[in-house]
Amino acid sequence: MTDRPDADGIDRPGSRSLLASSLVAGAAGVAAVAGSYAAVGRTPAFVAAPLSEVVVASTPDAVVAWSIQTLGSVGGQLGFLLALALTVGLFALTTAVAGLLADRFAVPAVAVAPVACVAVALALTGSVASTLAAGGGAGLVVALSSVGTGGTDEEAVETSDARPSSARRRVLQAVAGAFAVSGVGALLGSGEGGEVPETGGEVSAGVQSLLDEASDKSLDVEGIEPLVSEQFYQVDINNVDPTPERDEWTLSVTGAVEEQADFDYEDLTGRSESVEHRFVTLRCVGEGLNGKKMDTALWTGVPVMDLLDSAGIDTGENCCVMFRAADDYFEEFPLSALENGFLAFEMNGEPLPRGHGYPVRALIPGHWGEINVKWITEIEVLEEEAKGYWEKRGWHGTGPVNTVAKLHAVNRPGDATDGSSAGATTLQVGGHAYAGTRGVRKVEVSTDGGDSWNEATLSEPLPASPGESGAENGQQSAAEDAWRQWEYTYEASDAHEVVVRATDGEGNLQPSEESKPFPSGATGWVSKRVEP
Ligand SMILES: Nc1nc2c(c(=O)[nH]1)N[C@H]1C(S)=C(S)[C@@H](COP(=O)(O)O)O[C@H]1N2
Ligand SMILES: [Mo]
């Protein structure tokens, strides 16, 4: 043992060496995690993924629910950072213990530490690539830390003068190694995302013309998403999304059916007569009244019922369905809502991005986002009601969405002198309105805190796909479940309160009563104080 205090009782070199060893172990921990990331990216095979699950599982349900629904991705990132730190710590500890054992049996730490890290990584992930890369990263750092220091500490212990510089050198080399591995890890790992095939940016002519139409119909308002969102929000229970392989993916129809049926990816995409492109808006029940977890995309897929008819579902006897997914998420809702359901495998003409449910997700028209199950694997037909993931946590998010008009843009088009009367400024306010399958009939804007109302300009409706229930007799009608943009331009010279409200397609005015997102979605009218 070289860490023993010298006979004269000076323990400086010993503690220095302990510190040095800890720093080297820490660097090795970083390198192990970075190595694994380089090999597999942020996938379930990443060594930090299991601890991330532990973090989520050991956080109280209420905190997880709150964090996912309100912080969304930020909450997830915090949990994930904690998991990363814990995983680095685990590998650092492993390296340190391996180092002590190596000392004890007088073998080089370089031989023991990587083996120990490999064992830990294997226990964590079971992925060979991830494991070898973690062991390799840690091994590299430990090896670097002994280069030029004589490999063992024997030389260094000879004079107490030599030790500090040697220890410093060990640490510097280890840290440099960890930096290098992390750099490579970040570079390689960020490119990984589970294997979502590339389309080379080629979008079919049909999809392109629909996307063009959406862009033509988008209002000219700075600061709001166009009719097809550029940044589509993401909400799910995972810190690390699952990576089902397209070729191994199956959807099983189980439960109260005449015959259980399994479908694979080809069964979906191969039904060319059924394939449709639908504009569909999603909105998270957990978002604030004027939140940004509401977006629209053009989705390609097939109607659920086209697929399920072969399984023989009795819609009279059965009440509901439970959807299950590769991330163990599950949601239940009435069978009636399934009738216009859609199974999507493309988003805006590209394969579904991993974060949005690759290879296949469900879209249930008009309902809150949470039953639009991503990475779907099973549809179970139920004879009795059951609770879904969020309903077990107190939410009521399986029903139709609330009507909302959001206010996201306050613009000053042109300068004050441009066309506006003396002392007044031209103002433009705008946003989106959504009422699920009820559709949006009008949006009204008040610029005096709700005393008087003016009708806003609405974007033209997005077109329906031929299979949507809104599209009858081959008539081109409005997409069944898509938002509209609204815009209102006016002049003002004093600070004032802008309020917006929508009326749905059935003539119901958006309720003014205010409630929080939990448990059934936010209600009320969005208002904003505007200074000209
Ligand atoms: N498998 C799975 N599907 C899921 C979720 C999930 O956590 N796991 N989250 C749901 C919630 S709460 C919402 S709001 C929508 C969001 O879809 P997006 O991430 O594609 O925007 O997905 C739903 N589908
Ligand atoms: Mo959600």
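# Briefing on sheets, surface patches and salt bridges

A negative patch on the surface is made up of E245, D247, E248, D264, E266 and D267. The model described here is predicted, and the points below follow its strands, its patches and its charged pairs. A search through the whole structure finds 11 salt bridges, and an open sheet of four strands runs in the order 15-14-18-19 with antiparallel pairing.

**The negative patch**

- Among the residues of this patch, D264 lies in strand 2, which spans residues 261–264.
- D264 is partly exposed, since its relative accessible area is 31%, and a residue must have over 30% relative accessible area to be taken into a patch.

**The open four-stranded sheet**

- In the sheet with the order 15-14-18-19, strand 15 (454–455) and strand 19 (526–530) stand at the edges, and because each has a single partner strand, one side of each is left without a neighbour in the sheet.
- The partner of strand 19 is strand 18 (residues 496–504), and five bridges hold the two in antiparallel pairing.
- Within that pairing, E497 stands opposite R529 of strand 19.

**Strand 13 and its partners**

- Strand 13, which covers residues 425–434, is mostly covered, with 10 of its 10 residues buried.
- The cover extends to both faces of strand 13: on one side T425, L427, V429, G431 and A433 are buried, and on the other side T426, Q428, G430, H432 and Y434 are buried as well.
- Strand 17 (residues 484–492) pairs with strand 13 in the antiparallel sense over nine bridges, and Y490 in strand 17 is the bridge partner of L427.
- Strand 12 (residues 409–411) is also antiparallel to strand 13, with three bridges between them, and here A409 stands opposite G430.
- Strand 11 (residues 404–405) is joined to strand 13 by two bridges, again in the antiparallel sense, with A405 standing opposite A433.

**Strand 7 and its partners**

- Strand 7, made of residues 342–347, is mostly covered, as five of its six residues are buried.
- Strand 4 (residues 294–303) pairs with strand 7 in the antiparallel sense over five bridges, and T300 has E346 of strand 7 as its bridge partner.
- Three bridges connect strand 7 with strand 9 (residues 361–363), and these two strands run antiparallel; A362 in strand 9 is the bridge partner of L343.
- Strand 8 (residues 350–351) is joined to strand 7 by two bridges, also running antiparallel, and M347 stands opposite E350 in strand 8.
- The hairpin of strand 7 and strand 8 has two residues between the strands, and in this hairpin N348 takes a positive phi near 50°.

**Helix 4 and the nonpolar patch**

- G99 belongs to helix 4 (residues 73–104), and G99 is buried, with a relative accessible area of 18%.
- Although G99 and A113 are 14 residues apart in sequence, their C-alpha atoms are 6.5 Å apart in space.
- L93, V97, L101, F105 and V107 form a nonpolar patch on the surface, and together these residues have about 480 Å² of accessible area.
- Of these, V107 is found in the loop between helix 4 and helix 5 (109–125), where V107 is partly exposed with a relative accessible area of 37%.

**Salt bridges**

- In one of the salt bridges, the side chains of E213 and K217 meet at 2.9 Å, N to O; these residues are four apart in helix 9 (residues 205–217), and therefore E213 and K217 are separated by about one helical turn.
- The two ends of this pair are covered to unlike degrees, for E213 is partly exposed with a relative accessible area of 24%, whereas K217 is buried with a relative accessible area of 18%.
- R278 and E276 form a salt bridge in which the closest N and O atoms are 2.9 Å apart, and both R278 and E276 are buried.
- E378 and R324 form a salt bridge whose closest N and O atoms are 3.7 Å apart; this pair links distant parts of the chain, with E378 in strand 10 (residues 376–382) and R324 in strand 5 (residues 320–325), 54 residues apart.
- R324 is partly exposed, with a relative accessible area of 29%.
- R283, E287 and K406 are linked with one another in a network of salt bridges.

How values were computed: Residues are numbered from 1 along each chain as its sequence is written. Chains are lettered from A and ligands numbered from 1 in the order in which they are written. This is a predicted model: local features need pLDDT of at least 70, side-chain atom pairs count only at pLDDT 80 or more; totals for chains, interfaces and linings use all residues. Side-chain values use heavy atoms; hydrogens and water are left out. Patches are made of residues with over 30% relative accessible area and no salt bridge: like charges are joined within 9 Å, nonpolar side chains (Val, Leu, Ile, Met, Phe, Trp, Tyr) within 5 Å. Accessible areas come from the Shrake-Rupley method with a 1.4 Å probe; for residues, only the protein chains shown count as cover. A salt bridge is a side-chain nitrogen of Lys or Arg within 4 Å of a carboxyl oxygen of Asp or Glu. Lys and Arg count as positive and Asp and Glu as negative; His and the chain ends are not counted. The place of a charge is taken as NZ of Lys, CZ of Arg, CG of Asp or CD of Glu. Buried means under 20% relative accessible area, exposed over 50%, partly exposed in between (1.4 Å probe, protein chains only). Two strands pair if DSSP finds at least two bridges between them.
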